[in-house]
Amino acid sequence: GALTAAVCGDVFASPSAKAVLAAIVATASPAGGCLLIVKNYTGDRLNFGIAAATATSRYGIPVETVYVADDVALSNAESPRGLAGTLAVHKVAGAAGVAAAARATASAVKTMGVAYEVCTLPGRPASGRLGPGEIELGLGIHGEPGAMKSPTLAASDVANKLAEACVNALPAGDDVALIINDLGATTPMELAVFGAAAKQAVERRGKTVKRVLAGGLMTALDMHGVSLSVLAVDAKTLERLDAPCWTPAMRTGDWQPPA
């Protein structure tokens with residue numbers, strides 16, 4: 001009920017076009033071909049694009065590609081990054097099995113994150129970008145610089161800033177689903193406190209929260225932080241979020257109605 005395959009590269013690097021092509025050939029449906037869901041980074045667009053073109057020209061496999069660019073932190077970015085909202089696209093596409101549903105979901109989800117400690121790459125010294133008592137808003141899932149730094153804020157204040165950015169960028173509609181995502185080193189208690197504050201912050205902006213997915217879902221090594229994704233939903237989207245699914249990080253029933 002989700003992805004058939006995931007293609008991995010080195011840490012924070014795109015997989016090679018050869019690896020992507022191998023995944024397409026191994027998993028493509030004889031009737032329907034293959035759907036690629038790609039986060040909006042230059043290397044990923046390049047290598048997945050090469051693999052898709054090769055699959056079609058060499059093997060006759062029809063390929064559809066959906067790019068996810070849910071980041072709302074950098075308002076002037078020409079090419080917004082793909083973040084944890086991609087998980088909603090995986091879930092809906094896995095239930096619907098069509099590119100149109102994936103594209104609709106990609107356009108209906110917005111994400112912003114915050115971190116208290118930036119991730120440490122294997123074999124490298126710890127990042128010194130954030131000092132004691134500092135947080136960074138709007139950073140990327142590979143530790144890329146965000147929109148701004150700030151003195152440490154209460155969970156409710158952080159939630160308000162993320163919710164405002166996400167809700168303001170959403171398409172029209174009252175009903176939403178939330179992804180409360182641990183970026184790698186956030187404790188369950190911290191995640192629960194932030195999740196409750198995020199739900200309240202979104203509801204104060206006139207939205208009705210229909211589903212919540214929470215946990216270590218799209219992590220960034222040992223990054224101590226969280227991200228909030230807000231997805232505009234209708235009855236069909238909710239049906240697809242609730243559809244059966246069995247993966248290491250997302251399973252049937254994980255998208256819960258709020259308490």
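**Exercise 1.** How many helices and strands does the secondary structure of the chain come to?

*Solution.* This is a predicted model: local features need pLDDT of at least 70, side-chain atom pairs count only at pLDDT 80 or more, and totals for chains, interfaces and linings use all residues. Numbering runs from 1 along each chain as its sequence is written, and side-chain values use heavy atoms, without hydrogens or water.
Step 1: take DSSP runs, H or I of at least four residues for helices and E of at least two for strands, numbered from the N terminus.
Step 2: count them. The chain has seven helices and eight strands.

**Exercise 2.** Judge the compactness of the chain.

*Solution.* Step 1: apply the globule rule, 2.2 Å times the number of residues to the power 0.38; the radius of gyration is taken over C-alpha atoms.
Step 2: compare. The radius of gyration is 18 Å, close to the 18 Å that the rule gives for 259 residues, so the chain is as compact as a globular protein of that length.
Step 3: add the extents. The C-alpha trace spans about 55 × 45 × 35 Å along its principal axes.

**Exercise 3.** Describe the largest nonpolar core.

*Solution.* Step 1: define the set. It holds buried (under 20% relative accessible area, 1.4 Å probe, protein chains only) Ala, Val, Leu, Ile, Met, Phe, Trp, Tyr and Cys residues joined through side-chain atoms within 4.5 Å.
Step 2: size it. The largest core has 31 residues; L231 and L241 are among those with the most contacts inside it.
Step 3: find the suppliers. Elements giving at least two residues include β8 (224-232) and α7 (235-242). α3 gives the most, with three residues.

Definitions and conventions:
Buried means under 20% relative accessible area, exposed over 50%, partly exposed in between (1.4 Å probe, protein chains only).
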